Amino acid sequence: MTEHVRIVEVGARDGLQNEKTIVATAVKIELIDRLSATGLQTIEATSFVSPKWVPQLADAADVYTAINKRAGVHYPVLVPNVQGYERARAVGVREIAVFTAASEAFNRKNINASIDESIERFTPVIERAKQDSVSVRGYVSTVLGCPYQGDVPVADVVRVARRLHELGCYEVSLGDTIGIGTPGKARAMLAAVSQQVPMSALAVHFHDTRGQALANILACLELGVAVVDAAVSGAGGCPYAVGATGNVATEDVVYMLHGMGISTSIDLPGLIDTGRWLSVQLGRVNNSKVGLAAA
């Protein structure tokens, strides 16, 4: 296994997008600033999607402009199309993420397009990014199952991940959107994708619906993956994925990694404090096992 894992913190975007009550812009800014102080190397800041579809992130430009951007920390944002890309670039964004799914049914429900049509939509975005020297990360969702389609063939996951990498995504995140995966399935999926995309260009993204996320991450670490997506305090979900609960908690992932002797550059006590703070802001008890154990 790798000696160092880079955590991609997605709490400020994937974590908050499913909150039904609008979170104040000032809270989002403070969340990202708190996360920046913990030693995280990558913090996904927001998404430049249409406010009509995701009202929670309508303040994307205000948030990105106001956060304290620390040297050495990357602040990617999600963009769905050229319009979103132009809005992001207008406020100085230097790294973006594009997304699609390995499930035809999920793409139809989510963005009313087939997999190939979704890729056609953001191909111009990637071309523009290349011209502007903007880094592009890719997301592939529903890699272990779909709420509408059921099983997703591994061959479809491989095809989509390879396509994103070929288009120019420096990294492709493989997402178990509804948290249906188990370690054996996660390992087999990653092994198949890594035959077509270098392991150094892959990341894993697990939701913890059935309590399998840490076990799935461990199975993938044993194959050599070195990038893991997670959300502070286990926040998150997907508004277009029936049954999707929160992301795996960043605190729990870091605790496991440090216990295995794997470095992350992250201050765990500071991260736990941030998770507790966010839980208070969202009006809920912090469900992180690490957060409670460290009390």
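**Ser-141**

I started with Ser-141 in this predicted model and found it placed in strand β6, which covers residues 135–141. Its relative accessibility is 16%, so I entered Ser-141 as buried; the cut-off for that word is under 20%. I then listed what Ser-141 touches, leaving out neighbours within four places in sequence. The contacts of Ser-141 are Thr-100, Ala-101, Ala-102, Phe-106, Gly-175 and Thr-177.

**Ser-173**

Next I looked up Ser-173, which belongs to strand β7, residues 171–176. Is Ser-173 buried or exposed? I noted a relative accessibility of 0%, so Ser-173 counts as buried.

I made the contact list for Ser-173 with neighbours within four places in sequence again set aside. The list holds Arg-137, Gly-138, Tyr-139 and Val-140, and also Ala-203, Val-204, His-205 and Asp-229. I checked Asp-229 further: its side chain makes a polar contact of 2.7 Å with the side chain of Ser-173.

I also took one C-alpha distance from Ser-173, to Ala-97. The two residues are 76 residues apart along the chain, and their C-alpha atoms are separated by 9.8 Å.

**His-207**

I went on to His-207, in the loop between β8 (202–206) and α9 (213–221). With a relative accessible area of 3%, His-207 is buried. Which side chains make polar contacts with that of His-207? I recorded His-205 at 3.5 Å and Asn-247 at 3.2 Å. His-205 had already come up in my notes as a contact of Ser-173.

**Two serines with positive phi**

I looked at Ser-233 for its backbone: phi is positive, about 65°, although the residue is not a glycine. Ser-233 sits in the loop between β9 (227–230) and α10 (250–259). Its relative accessible area is 14%, so I put Ser-233 down as buried.

Ser-265 also went on the page, with a positive phi of about 75°, and it is not a glycine. I located Ser-265 in the loop between α10 and α11 (268–281). Ser-265 is partly exposed, with a relative accessible area of 44%. I checked that value against the range for the term: partly exposed lies between 20% and 50%.

**Whole protein**

I closed with the overall figures. The protein has 12 helices and 9 strands. Its radius of gyration is 17 Å, close to the 19 Å that the globule rule gives for 295 residues, so I noted the protein as being as compact as a globular protein of that length. Along the principal axes, the C-alpha trace spans about 50 × 45 × 35 Å.

How much of the protein is buried? I have 54% of the 295 residues down as buried. For contacts between residues at least 6 apart in sequence, I noted that 75% join residues at least 24 apart.

The protein exposes about 11,600 Å², and carbon and sulfur atoms supply 52% of that area. I entered 26 positive and 29 negative side chains. The centres of the positive and negative sets lie 3 Å apart.

Conventions
Residues are numbered from 1 along each chain as its sequence is written. This is a predicted model: local features need pLDDT of at least 70, side-chain atom pairs count only at pLDDT 80 or more; totals for chains, interfaces and linings use all residues. Side-chain values use heavy atoms; hydrogens and water are left out. Helices (H or I, at least four residues) and strands (E, at least two) are DSSP runs, numbered from the N terminus. Buried means under 20% relative accessible area, exposed over 50%, partly exposed in between (1.4 Å probe, protein chains only). Contact means heavy atoms within 4.5 Å. A polar contact is a pair of N or O atoms within 3.5 Å; within protein, one must be able to donate a hydrogen and the other to accept it, and residues adjacent in sequence count only if both atoms are side-chain atoms. The radius of gyration is taken over C-alpha atoms; the globule rule is 2.2 Å times the number of residues to the power 0.38. Accessible areas come from the Shrake-Rupley method with a 1.4 Å probe; for residues, only the protein chains shown count as cover. Lys and Arg count as positive and Asp and Glu as negative; His and the chain ends are not counted. The place of a charge is taken as NZ of Lys, CZ of Arg, CG of Asp or CD of Glu.
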